[in-house]
Each structure stands twice: as structure tokens, then as C-alpha cells.
Amino acid sequence: MIEGLQVKSIEDIVEDMTDAYTKGDYLEGFTQDGDDALMGPKKFAERFHNVCLGFGYREAEIIPAKMEIEEWCREHLEHLESKFR
């Protein structure tokens, strides 16, 4: 770990990003109805990966949490979709 570079834990980054996602802060285009579309799981996980890299984390530190955040996003979107069926 490089001293002074990391100011947020990976867990804090996950918490901040998932909280922001549930508030609709991670958008990617529009739905067929013209509404804002939430970012998909893979793209959201990539964004997480890039944020972690920006804090100086190494690949080996990021990958497990990246897989978890992608799965969280997939489940979150499935839950949202089930509300509108």
C-alpha cells in the first residue's frame, strides 16, 4: 500500500457507489419510453474498478469487490424490474 494515496477503503467505495446507484446517480442512456436508464451491471462494475484504481488499489484488491458489486447491481435491477411486471 502506498502511504497517503488511499483515502477510502474499498468497502467505503462500494457503499458510496451502491448508495448513489439506488438514488439514480449512475445513468447510461435512456429507456424506450425516454426515461433515464440506470447503468448495467458490467458497466457499473467497470466504473467501480476505475474508481478503485484512482485511489491506488491493485487489481488483486479490486477484483473480489468488483464481482460483488456487479452481482449486487444485477440483483438490484432484477428487483426493480419485478416491481413493474
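Which pattern does the chain follow, read along the sequence? In this predicted model, the order of elements along the sequence is α-β-β-α-α.

**Figure 1. Overview of the predicted chain and its elements.** The chain holds three helices and two strands, arranged along the sequence in the pattern α-β-β-α-α. Helix H1 covers residues 10-22 and helix H2 covers residues 41-54, while strand S1 takes in residues 27-30, strand S2 residues 36-38 and helix H3 residues 59-83. Along its principal axes, the C-alpha trace spans about 50 × 20 × 15 Å. Of the 85 residues in the chain, 32% count as buried, and the area that the chain exposes comes to about 5,900 Å², of which carbon and sulfur atoms supply 52%. When contacts between residues at least 6 apart in sequence are considered, 57% of them join residues at least 24 apart.

**Figure 2. The largest nonpolar core, with Phe 44 and Phe 48.** This core has 18 residues, and Phe 44 and Phe 48 are those with the most contacts inside it. Helix H1, helix H2 and helix H3 are the elements that give two or more residues to the core. For Phe 48, leaving aside neighbours within four places in sequence, the contacts are with Ile 10, Ile 13, Val 14, Met 17, Ile 62, Ala 65, Lys 66 and Ile 69.

**Figure 3. The largest pocket and the residues that line it.** The largest pocket has a volume of about 230 Å³, and its lining is made up of Asp 36, Leu 38, Leu 77, Leu 80, Glu 81 and Phe 84. Strand S2 and helix H3 each supply at least two residues of this lining, with helix H3 giving the most, namely three residues. Sorted by class, the lining has four nonpolar residues and two charged residues, but no polar ones.

**Figure 4. Leu 27 in strand S1 and the residues that it touches.** Leu 27 has its place in strand S1 and counts as partly exposed, because its relative accessibility of 38% falls between the limits of 20% for buried and 50% for exposed residues. Not counting residues up to four places away in sequence, Leu 27 touches Asp 36, Ala 37, Leu 38 and Met 39. Of these partners, Asp 36 and Leu 38 also belong to the lining of the largest pocket. Although Leu 27 and Met 39 are twelve residues apart along the chain, their C-alpha atoms are separated by 4.9 Å.

**Figure 5. Glu 59 in helix H3, with His 49 and Leu 53.** Glu 59 is found in helix H3, and at 41% relative accessibility this residue counts as partly exposed. Once residues up to four places away in sequence are set aside, Glu 59 touches His 49 and Leu 53. The C-alpha atoms of Glu 59 and His 49 are separated by 8.4 Å, and these two residues are ten residues apart along the chain.

**Figure 6. Glu 61 and Met 67, two further residues of helix H3.** Glu 61 has its place in helix H3 and counts as partly exposed at 26% relative accessibility. Its C-alpha atom and that of Gln 32 are separated by 38 Å, with the two residues 29 residues apart along the chain. Met 67 also lies in helix H3, and its relative accessible area is 57%, which is over 50%, so Met 67 counts as exposed. Between Met 67 and Lys 42, which are 25 residues apart along the chain, the C-alpha separation is 9.3 Å.

Conventions
Residues are numbered from 1 along each chain as its sequence is written. This is a predicted model: local features need pLDDT of at least 70, side-chain atom pairs count only at pLDDT 80 or more; totals for chains, interfaces and linings use all residues. Side-chain values use heavy atoms; hydrogens and water are left out. On a 1 Å grid over the protein atoms alone, a cavity is a set of points where a 1.4 Å probe fits but cannot get out, and a pocket is an open set with protein on both sides within 12 Å along at least five of seven lines; lining residues have an atom within 4 Å of a point. Grid points are joined across faces, edges and corners, and a volume is the space filled by probe spheres set on the points. Helices (H or I, at least four residues) and strands (E, at least two) are DSSP runs, numbered from the N terminus. Ala, Val, Leu, Ile, Met, Phe, Trp, Tyr, Cys and Pro count as nonpolar, Asp, Glu, Lys and Arg as charged, and the others, Gly among them, as polar. A nonpolar core is a set of buried Ala, Val, Leu, Ile, Met, Phe, Trp, Tyr and Cys residues joined through side-chain atoms within 4.5 Å. Buried means under 20% relative accessible area, exposed over 50%, partly exposed in between (1.4 Å probe, protein chains only). Contact means heavy atoms within 4.5 Å. Accessible areas come from the Shrake-Rupley method with a 1.4 Å probe; for residues, only the protein chains shown count as cover.
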